Amino acid sequence: MSIEYNPFNESIWVNPWPVYKQMRQQDPVYYIKELDAWALARFEDIWNASMDRNNYTATHGTSPEALLLDPALPPKVFLFMDPPDHRIHRELISDKYTPQHLATLEQRIRETTRKIIQPGLQAGSLDIYKAASKIALYTIADLIGLQYPDIEIIRELVDSYYQREPGHIGATEHGIQAMTEARHHVLTLLKQYRQNPPGENTHISAWLNSRINHQPIDQEALFYNIIALIITGSDTLPLTTAATVNYLSESPKQLAMVRADHSLIPNAFAEAARFDQPTNILGRVLTRDVEIKGKQLKEGQVVLFLYASANRDEREFESADQFIVQRNPKRNLSFGTGIHFCLGQHLAKLEGKIILEELFSAIGEFTVDTTGRKRIFGEFLQGFCSLPIHFSPCR
């Protein structure tokens, strides 16, 4: 059977796994003729490309939409930079994401978690995605230097931007308007922060006080820095936390293991990120011709990294299509690799660990409300965006 793959093909979004498996087996370096782009489906190829600083560039963007639908170069933020600029800009805030610094935030995150889930515990019903999303927003707001009501407004506008309509490729008119509103809101806040700076240990303070090549960071870059961290800081955590609870609920034996031994919680979270990778696709642009598995890829062409496919690659993971809590792989691509590995991966893992520890310490048996369970689909993100569970109320 021939393969027909396009990242904007809506019929694939709901269940991409069969197509990804077919690509891994038959055509792992797949040419998308209508887009003049390539898609890598196997783990090893994506790992190697991610580590390759010489032949690939992030300066054209990294999301499928930016790479394939928008001819304009993205703003100068570290996510879309190559060395040495990438390192210089990333290091302005990277010290806040080390395991050592995050350990100082653990108690605050735990207290926030208890506060947010408490009403649901008393009611006997909790939406895991919504609770985790709120916890993530509180944490990233503190790190960026935003007030919670402001980051909640921005997050809702960003969500509108990423909502997809059947038959429409990329952002809708409503989504573009929402991003325009988000830009206005952020720039208004930045004007206020220039007059009344936030705490000195916040990202905004670091950005406002930095000079790179004797020049301040411009307004557009500041806006996209904030948007990028809101997206990355509050997407992976809720999607992966919801996935962890969902797949554990479908495997009573593994759920019992995690309940009996909370040291397995980080394993369960990591396995959910592998099994149901939230960041479906990212990519790069080639800076020169390369050959992969006999295919000739040309300078200037887009190469998509199918992370969700790679994390189910049978060549890398035994029983790759099974959710196995005790899996301990040598490598994974859940948070990327190479110089563009996810800055907030340690934060997401810590937050996921805390949320799941607090949840399983508080509740007994629970059921997932399958009628309320919903998934988000798209060329960029995927996963459970609503996961209500029910249990005996906690007093």
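A pocket, as I use the word here, is an open set of grid points with protein on both sides within 12 Å along at least five of seven lines, and its lining residues have an atom within 4 Å of a point. Keep that in mind. One more thing before we start: this is a predicted model.

Let's go to the second largest pocket. It holds about 570 Å³ of space. Its lining has 22 residues. Nearest the centre lie Y129, D159, Q163, I376 and C385. Which helix gives the most to this lining? Helix 9 does, with seven residues. Helix 9 runs from 148 to 162. Other elements give two or more residues as well: helix 8, helix 12 (219-249), strand 12 (374-376) and strand 13 (383-386). Now the chemistry. Nine lining residues are nonpolar, nine are charged and four are polar.

Next, the closed spaces. Rolling a probe the size of a water molecule over the atoms shows where empty space is left. How many cavities of 30 Å³ or more does the structure hold? Five.

Take the largest cavity. Its space comes to about 110 Å³. There are 14 residues in the lining, and D52, Y56, R284, I339 and H340 are the closest to the centre. Two elements each supply at least two lining residues: helix 3 (43-51) and strand 3 (56-57). Helix 3 has the largest share, with three residues. By class, the lining splits into six nonpolar, four polar and four charged residues.

Then the second largest cavity. Its volume is about 50 Å³. The lining is Y162 and R164, plus I376, F377, G378, E379, F380 and L381. Five of these count as nonpolar, one as polar and two as charged. Look at I376 again. I376 lines this cavity, and I376 is also one of the residues nearest the centre of the second largest pocket.

On to a sheet. Three strands make an open sheet, in the order 4-14-11, with antiparallel pairing. Which strands stand at the edges? Strand 4 (125-127) and strand 11 (366-368) do. Each has a single partner strand, so one side of each is left without a neighbour in the sheet. From one strand to the next, the twist averages 25°. Let me zoom in on one pairing. Strand 4 and strand 14, residues 388-391, are joined by three bridges and run antiparallel. In that pairing, D127 of strand 4 stands opposite P388 in strand 14.

Just after strand 4 in the numbering comes helix 8, at 128-144. A loop follows, between helix 8 and helix 9, and Q147 lies in that loop. Is Q147 buried or exposed? Exposed means over 50% relative accessible area. Q147 has 53% relative accessibility, so it counts as exposed. For a sense of distance, take Q147 and P83. They are 64 residues apart along the chain, and 33 Å separates their C-alpha atoms.

Last stop: helix 16, residues 345-362. Does its length fit the expected span, or what do we find? At 1.5 Å a residue, its 18 residues should span 26 Å. The end C-alpha atoms are 26 Å apart, which agrees. Helix 16 is also mostly covered, with 13 of its 18 residues buried.

That's the tour. Questions, please.

Technical notes. Residues are numbered from 1 along each chain as its sequence is written. This is a predicted model: local features need pLDDT of at least 70, side-chain atom pairs count only at pLDDT 80 or more; totals for chains, interfaces and linings use all residues. Side-chain values use heavy atoms; hydrogens and water are left out. Two strands pair if DSSP finds at least two bridges between them. Helices (H or I, at least four residues) and strands (E, at least two) are DSSP runs, numbered from the N terminus. Axes are lines fitted to C-alpha atoms, for helices over the stretch in contact, and angles run from 0 to 180 degrees between N-to-C directions. Buried means under 20% relative accessible area, exposed over 50%, partly exposed in between (1.4 Å probe, protein chains only). On a 1 Å grid over the protein atoms alone, a cavity is a set of points where a 1.4 Å probe fits but cannot get out, and a pocket is an open set with protein on both sides within 12 Å along at least five of seven lines; lining residues have an atom within 4 Å of a point. Grid points are joined across faces, edges and corners, and a volume is the space filled by probe spheres set on the points. Ala, Val, Leu, Ile, Met, Phe, Trp, Tyr, Cys and Pro count as nonpolar, Asp, Glu, Lys and Arg as charged, and the others, Gly among them, as polar. The expected span of a helix is 1.5 Å times one less than its number of residues.
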